[in-house]
Amino acid sequence: MFWTPQDRSRSHRPDDRQIPDRRAHHPDLSKLQGWKSMQAEADIPEGEWEKEKAWALRMGLTAADSIEDRSIPTFARGELPHYAGINTFLKAPYTEDVTEVGNYDACVLGAPFDGGTTYRPGTRFGPQGVRKISALYTPYNYEMGIDLREQMSLCDAGDIFTIPGNIEKTFDQISRAVSHVFSSGSMPIIIGGDHSIGFPCVRGIAECTSKKIGIVHFDRHADIQEKDLDERMHTTPWFHSTNLPNVPAKNLVQVGIGGWQVPREAVKVARERETNIITMGDMEKMGVDKTAEMALEMAWDGVDMVYMSFDIDSIDCGFVPGTGWPEPGGFLPREALALASKVAAEGICGMELVEVSPPYDQSEITALMGTRVIVDVLGSLVASGKMGDHRKHIDKPVNLPMGDYDAARDGNRWSTPHKKG
Ligand SMILES: [Mn+2]
């Protein structure tokens, strides 16, 4: 044998073994990300994983004697197995008590609302759909060389109590929830829901700070008209967001816009307010790196933080059938993920992932794409060291009152307190 797995100086491709000529063109492995990532993994700590396994044995009890791996519990707890368990996003801890969200760098919260939809409904099931397929993932990313579980903390606060028949009451609930999370110091990651939630999400953050906020908005649609069908529907979030005193329209950057679903009313508003639109064609001409650079430059110009709004329909509808207004000609998944990562690498104060509609989805691929956008953004924030950068701008935190239920006195819900002792 000319080749053994230990021989790093030679090709890893078995086909090359007998063809010395090809070795002249052999790549320098140390220049490949594949090689670098392989080395980088050794430096990522594993303490949190060890902690999770110990925790699982405490919560889920030790396993049957026949099971050799003694880190396996009887009841599935935490990450494994991927098909089992009650799914929070990425199996992150459920902060049923939302006063605890401040203990985490980032907090996932669902905004299950599709009352702002003007065509296909179903995004009220978006948070559940994304959580379900997020169970597929482990928190480690080979290429990025990061492990979310080891390098950041994450919780899932569950869903906001939306009011299905009432857009305005729902907006108030969403803003309140987002302001609570943001005020706690945790970075809100909101899973929609249709795109109408963009406005209350930004409003929730904006009210907790005197600082200015820019927005990078990935979409096929401009979503900036004042009203649609006489209400503030999912075609309107940026009109109302850029009415907020600390959310300048000139710092709204809309990436991926195009096709036959951009209403003229929206274009008039974009022109009047001088927002920035980068079309899919622009992106194709400039490439991903240049597009991200330009978007960042415009979004960050004179502001203190940037919010990311990612509409899943910005990706070509062939990849994301489960969405409200599918439009051909969108981003390739690789482009979308790279753009989202590059924008996140400069730091964000929060993000929303909207328009995943599980009833229209096939094989959960749209929800899967949504999950990827979120985990890639988190990975990028961790890799760039920008996670938590928004905290210094929270200068008007809200403090929401809680009810007077006393768990120590009354026991856990659905429990029988007197049986406890
Ligand atoms: Mn859209």
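## Core, enclosed helix and a β-α-β unit

The largest nonpolar core holds 94 residues, and those with the most contacts inside it are Cys107, Ile205, Ile215, Tyr307, Met308 and Ala340. Helix H12 (residues 365-384) supplies the largest share of this core, ten residues. In soluble globular proteins, nonpolar side chains tend to be buried together. The model is predicted.

Tyr307 shows what such a core position touches. Neighbours within four places in sequence are left aside here. Tyr307 is then in contact with Val202, Ile205, Ile213 and Ile215. Its other contacts are Ile348, Cys349, Gly350 and Met351. Ile205 and Ile215 are also among the core residues with the most contacts.

**Overall build.** The protein chain has 13 helices and ten strands. A compact globule of 421 residues would have a radius of gyration near 22 Å; the chain has 23 Å, which agrees. The C-alpha trace spans about 75 × 70 × 40 Å along its principal axes. Of the 421 residues, 44% are buried. Among contacts between residues at least 6 apart in sequence, 76% join residues at least 24 apart.

**Helix H3.** H3 (residues 126-134) is largely enclosed by the rest of the structure, because seven of its nine residues are buried. The buried set is Gly126, Pro127, Gly129, Val130, Arg131, Ile133 and Ser134. Arg131 is thus listed among the buried residues. The cover over the buried residues of H3 includes strands E1 (106-111), E4 (154-159) and E5 (187-192). H12 is also part of that cover, and H12 is the helix with the largest share of the core.

**Strands E6, E7 and E8.** E7 (residues 252-257) is mostly covered: six of its six residues are buried. E7 pairs with E6 (residues 213-218) and with E8, as tabulated.

| Strand pair | Sense | Bridges | Example of bridge partners |
|---|---|---|---|
| E6 and E7 | parallel | four | Val216 and Val253 |
| E7 and E8 | parallel | four | Val253 and Asn276 |

Val253 of E7 therefore appears in both rows: it is the bridge partner of Val216, and Asn276 in E8 is the bridge partner of Val253.

**Helix H8.** E7, H8 and E8 make a right-handed β-α-β unit. H8 covers residues 264-273, and Ala266, Val269 and Ala270 in it are buried. Seen down the axis of H8, these buried residues fall within an arc of 100°, so they line one face of the helix. They pack against helix H7 (237-241) and strand E8 (276-279). On the other side of H8, Arg264, Lys268, Arg271 and Glu272 are exposed. Glu274 follows H8, with a positive phi near 55°.

Key: Residues are numbered from 1 along each chain as its sequence is written. This is a predicted model: local features need pLDDT of at least 70, side-chain atom pairs count only at pLDDT 80 or more; totals for chains, interfaces and linings use all residues. A residue is buried if 20 or more other C-beta atoms lie within 10 Å of its own, exposed if 12 or fewer, and partly exposed in between; C-beta atoms are placed from the backbone. Helices (H or I, at least four residues) and strands (E, at least two) are DSSP runs, numbered from the N terminus. The arc is that of the directions from the helix axis to the C-beta atoms. Two residues are in contact if their C-beta atoms, placed from the backbone, lie within 7 Å. The radius of gyration is taken over C-alpha atoms; the globule rule is 2.2 Å times the number of residues to the power 0.38. Two strands pair if DSSP finds at least two bridges between them. A crossover is right-handed if, with the strands pointing away from the viewer, the path from the first strand over the helix to the second runs clockwise. A nonpolar core is a set of buried Ala, Val, Leu, Ile, Met, Phe, Trp, Tyr and Cys residues joined through C-beta atoms within 7 Å.
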